[in-house]
Amino acid sequence: MLILLGSIAMAQDAALHIPSGLVAGNAARIGTNGGGSATFYLVGPGVSIKRDVELGKEISVAAKDLQAAGRYVAVICSGNCTSQVFFVAPGKPVDLSFIVHPSRAPVAENDAISGVALTFDEFRNLVLVPSTLQFQWSAKGSSPMSRSSQTREGIAWFRTNSGKTAGPLQISAAIGNDVTTRRVVQQVASIPCNLRIKGQRTAKGILVETEPIRDCSGNPVPDGTVVTFTARGGDHTSSVDAPVKQDIARATILASGPVTISAASGVAMGNELRLGGME
Amino acid sequence: MRTHIHIRTGCTAVLLALIFGALCFSVFAADSSPHVTLNVSKASPRQVEALTQNAILRDYKFAWASMGVALQTNSLSSVNGLFVGEAGAHLSAEVKNQQQNDVSSRYRNQSHKLEAVFYSPEGDIVELHDTAEYDFEILASSKSIHSEHAVVHYIVLMTPGADRWVVRHLQAVPQF
């Protein structure tokens, strides 16, 4: 009976007093009741510690053992075991994960660019307390634009149109003045807007070429953009694909009789060119 | 006669072993197979596609089953890349520390109510709220030192991997 009472007393004595408001990366001192020796366990995200302790004295838990925000279980065993659950909250946001899509975007396209930013503390815990994020994007030759956004559950995002001019678009996400993360989206010319072709007979056939090809915002289309030249003469139709090189696409068409030549690239159609037969 | 007895004893032993094995398997399967539901009606700014919804559900369920086995057996062989980033680092560290201290954890009768709260415009990150309910037990030297029926709220970040969705962040919070 005495032994039973003793063990109950021991179990009651071995109580844990966890301080409230624990924040990731801060050491903690856990109070205990009673006397004698006991074994202390702490199980949490990424942590499992076991230590011999003296009841009645405070148990020091090092900062490195409380770096992960989340749910912890502290257990103290002295004959019987007593446990207590507690939470560790994330610290202040000092780090940003910033994902921007795409890496290359055609100019003058609606909602072509989007970005997602996640706020983390110094131990990479997701900071769930709302923070104000400043998104800013700037391209050469245009004034920077910015948008303020409040994180929700650690996340803020934006979507925007691409600019009118080809070139790098600098995008940044910032918390206050201290934490800034930058990304670059390469804005490239969109599809050709207008095609104008000219041609002349040569000894080898008809040499046709485009005038410098640009998108609807006036940006030269990238090298390699394919232009299809089509020649129709009598019952014959022939086509040749030519890549744009330094803004211009060229092709030689073998035809001796009168022909009508047209050009197309993507959805853009060029003018028709009529050439008479070779004399 | 003696041969008959040996055969009969052998058959009985095999039968008992099979019954025992089947019972163990069913108990283990029941314990290690979490029940997961996913609600995507509040996901924004992008709607979660049906195929993606199925994949997230399947992979999250598999991740928890694997984590349960890993923390019970103190071996990461079951995890197989289902946890990456912080979630992966925490799980690895926890298994290693448990092993060192001869501690293990058991998650039994898992039930997870998942709700997608954010799905990025390009579909490369999903944030989920998980209201998880399970019987949680901590064992030290195979002796139970903590046992509870827990209801735990998790903030989860998942990203698509090569052939599955992986858990990148798993953070318990007192409430949503």
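1. Let's begin with how chain B is built in this predicted model. From start to end, its elements come in the order α-β-α-α-β-β-β-β, that is, three helices and five strands. Chain B has 176 residues, of which 39% count as buried. The fold also ties together distant parts of the sequence: among contacts between residues at least 6 apart in sequence, 58% join residues at least 24 apart.

2. Helix α2 of chain B is a good one to check with a ruler. It covers residues 50–73, and its 24 residues at 1.5 Å each should span 34 Å; the C-alpha atoms at its two ends are 35 Å apart, so the model agrees with the expectation. Just after α2(B) comes N74(B), with a positive phi near 55°.

3. Have a look, too, at the loop between β1 (35–39) and α2 of chain B, where you will find S41(B). Is S41(B) buried or exposed? S41(B) counts as exposed because 8 other C-beta atoms lie within 10 Å, and the cut-off for exposed is 12 or fewer. S41(B) also has a partner from far along the chain: A116(B) is 75 residues away in sequence, yet the two C-alpha atoms are 7.6 Å apart in space.

4. Turning to chain A, the domain assignment divides it into domain 1 (2–88), domain 2 (95–188) and domain 3 (192–275). The centres of domains 1 and 2 of chain A, taken over C-alpha atoms, are separated by 44 Å. Where these two domains touch, five residues of domain 1 of chain A meet four residues of domain 2 of chain A. On the domain 1 side of that contact there are three nonpolar and two polar residues, and no charged ones.

5. Strand β6 of chain A (70–78) deserves a point of its own. Eight of its nine residues are buried, so β6(A) is mostly covered, on the cut-off of 20 or more other C-beta atoms within 10 Å. β6(A) is joined to β3(A) by five bridges, the two strands running antiparallel, and L42(A) stands opposite A74(A) of β6(A). With β7(A), also antiparallel, β6(A) shares nine bridges; here Y72(A) stands opposite F86(A). β6(A) and β7(A) form a hairpin with one residue between them, and G79(A) in the turn has a positive phi of about 80°.

6. How many residues does each chain bring to the contact between A and B? Chain A and chain B give 30 residues each. On chain A, strands β3, β4, β6, β7, β8, β10 and β13 each supply at least two residues, and β6(A) gives the most, with five. Sorted by class, the chain A side holds 18 nonpolar, seven polar and five charged residues.

7. Finally, there is an open sheet of five strands in chain A, with the order β9-β15-β14-β11-β12 and mixed pairing. Its edges are β9 (104–106) and β12 (145–150), each of which pairs on one side only. Neighbouring strands of this sheet are turned by 25° against each other on average, direction ignored. At the β9(A) edge, three bridges link β9(A) to β15(A) (residues 179–188), and the two strands run parallel. To find this pairing in the structure, look for R104(A), which stands opposite Q186(A) of β15(A).

Definitions and conventions:
Residues are numbered from 1 along each chain as its sequence is written. Chains are lettered from A and ligands numbered from 1 in the order in which they are written. This is a predicted model: local features need pLDDT of at least 70, side-chain atom pairs count only at pLDDT 80 or more; totals for chains, interfaces and linings use all residues. Two strands pair if DSSP finds at least two bridges between them. Helices (H or I, at least four residues) and strands (E, at least two) are DSSP runs, numbered from the N terminus. Axes are lines fitted to C-alpha atoms, for helices over the stretch in contact, and angles run from 0 to 180 degrees between N-to-C directions. Two residues are in contact if their C-beta atoms, placed from the backbone, lie within 7 Å. Ala, Val, Leu, Ile, Met, Phe, Trp, Tyr, Cys and Pro count as nonpolar, Asp, Glu, Lys and Arg as charged, and the others, Gly among them, as polar. Domain bounds come from an automatic or database domain assignment. The expected span of a helix is 1.5 Å times one less than its number of residues.
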